[in-house]
Amino acid sequence: MTHRISLQPGGQSFPADADTTLLHAALDAGLMVPYGCRDGACGACKARVTQGSVDHGHAPFTTLPETEREAGMALMCCARAKTDLEMEVRDVRSIHDIPVRKLPCRVQSLDRLADDVMRLVLRLPPSENFSFLPGQYIDFLLPGGERRSFSVANTPNPDNQLELHVRLIPGGKFTPQVFTTMKPRDILRIEGPLGSFHLKDAPEPGVEHPLVLLAGGTGFAPLKAIIEDLIARGSQRDIALYWGARDRAGLYLHELASSWETALPGLRYIPVISDETAADWTGRRGLVHEAVMTDLPDLSHHQVYACGAPGMIEIAKKDFSERCQLPLTHFYADAFTFSADARN
Ligand SMILES: Cc1cc2nc3c(=O)[nH]c(=O)nc-3n(C[C@H](O)[C@H](O)[C@H](O)COP(=O)(O)OP(=O)(O)OC[C@H]3O[C@@H](n4cnc5c(N)ncnc54)[C@H](O)[C@@H]3O)c2cc1C
């Protein structure tokens, strides 16, 4: 049975089978709705159902509590339509220009940025024109159908190269290989580009909100891509980049980030480390999202782009909206949730 899903305020609509998730159906119809992990962990695809009913599928109660279900909220990556639906979904775009593809790629280079962070550069076949928006991610397709997600840290380029910043997860299935057996010229398979974490268009021509870019650890990667794109476009935007790590080594491209203050006149870079005992650091200390709130107690006119561990994203979203008046519609995030083998 197929149902019709109508989205407001944009007025787009698409068909969805009762056995297909709303996210899958929207993407199949060429509509890029906001999404991140695709397995219910990050909450980026949460939307309100204003008419009709859904089956919430395996949506976890941690991401979609009972109170939110009762208020009509649903996770598009888990929910299936039981009737025709009307839903409120913001920032819907067409993805016909940027197809998602499965491709082979070659390892171009591997270099250690820190003990537990590897820069992995991939090269796609020269015949492929791989487009993506700065901030999006790719999935590695592993044997047995598993996937692992990594954000692209550079902008689209004529060499068809993708730069990734891979944090070692001891005991993990994929990242330990990157640090031990993987070598240049190895062939891997990827799918991408994925996700809706990219700089949104201005709400109206001429209106540009000041930006807070908030990174935790390797959450720096997609923000690097976004900033390099802004540099290439000669942006004049007012940008505060906060990068949090446990220690100085965790700010694995600190000099590069500092150099952006010269390359982008509107950018301020504020590194923050959480280890209170580190002796080699004279800069800011503490939790990175708290540093934002200290410096910018009123976020009512800002837009925030946050990337990193799910815990940091969750608390930043809550504190910024409840304590600093950030409109929730101005908070965009990619949470680095873990592997999700059962994605569809
Ligand atoms: C949209 C998206 C973008 C991402 N981008 C990046 C990126 O640019 N760079 C990056 O380093 N990571 C990124 N991640 C996280 C990365 O995909 C996971 O860390 C991945 O699962 C690691 O694969 P693995 O096979 O080595 O470990 P797995 O086999 O997946 O995990 C092994 C064990 O470690 C735990 N675990 C996995 N990852 C983490 C973690 N990050 N922290 C703590 N415990 C963990 C798991 O729960 C599991 O118990 C991203 C995740 C998402 C969803």
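**Arg69 and the ligand surroundings**

The side chain of Arg69 comes within 2.7 Å of the backbone oxygen of Leu64, a good place to begin a tour of this predicted model. Arg69 belongs to helix α2, which spans residues 66-70. Although Arg69 is buried, this residue forms no salt bridge. The nearest side chain of opposite charge is that of Glu66, at 4.8 Å; a salt bridge requires a side-chain nitrogen of Lys or Arg within 4 Å of a carboxyl oxygen of Asp or Glu, so the pair of Arg69 and Glu66 does not count as one. Once the neighbours within four places in sequence are set aside, the contacts of Arg69 are His56, Ala59, Pro60, Phe61 and Leu64. Leu64 thus appears both in this list and as the partner whose backbone oxygen the Arg69 side chain reaches.

Further along the chain, an unreviewed UniProt entry annotates residues 100-200 as "domain: FAD-binding FR-type". In the model, residues 100-200 are 46% strand and 5% helix. The C-alpha atoms at the two ends of this stretch lie 19 Å apart.

Attention now turns to the ligand. There are 20 residues around the ligand, and those that come nearest are Arg148, Ser149, Arg167, Phe174 and Thr175. Thr175 also places a polar side-chain atom 2.6 Å from an oxygen atom of the ligand. At His165, a polar backbone atom sits 2.8 Å from a nitrogen atom of the ligand. Thr218 contributes through its side chain, where an N or O atom is 3.2 Å from a ligand oxygen.

Conventions. Residues are numbered from 1 along each chain as its sequence is written. This is a predicted model: local features need pLDDT of at least 70, side-chain atom pairs count only at pLDDT 80 or more; totals for chains, interfaces and linings use all residues. Side-chain values use heavy atoms; hydrogens and water are left out. UniProt positions are given in the numbering used here, feature names are shortened, and annotations may be inferred rather than shown by experiment. Helices (H or I, at least four residues) and strands (E, at least two) are DSSP runs, numbered from the N terminus. Buried means under 20% relative accessible area, exposed over 50%, partly exposed in between (1.4 Å probe, protein chains only). Lys and Arg count as positive and Asp and Glu as negative; His and the chain ends are not counted. A polar contact is a pair of N or O atoms within 3.5 Å; within protein, one must be able to donate a hydrogen and the other to accept it, and residues adjacent in sequence count only if both atoms are side-chain atoms. Contact means heavy atoms within 4.5 Å. A residue is near a molecule or strand if one of its heavy atoms lies within 4 Å of it.
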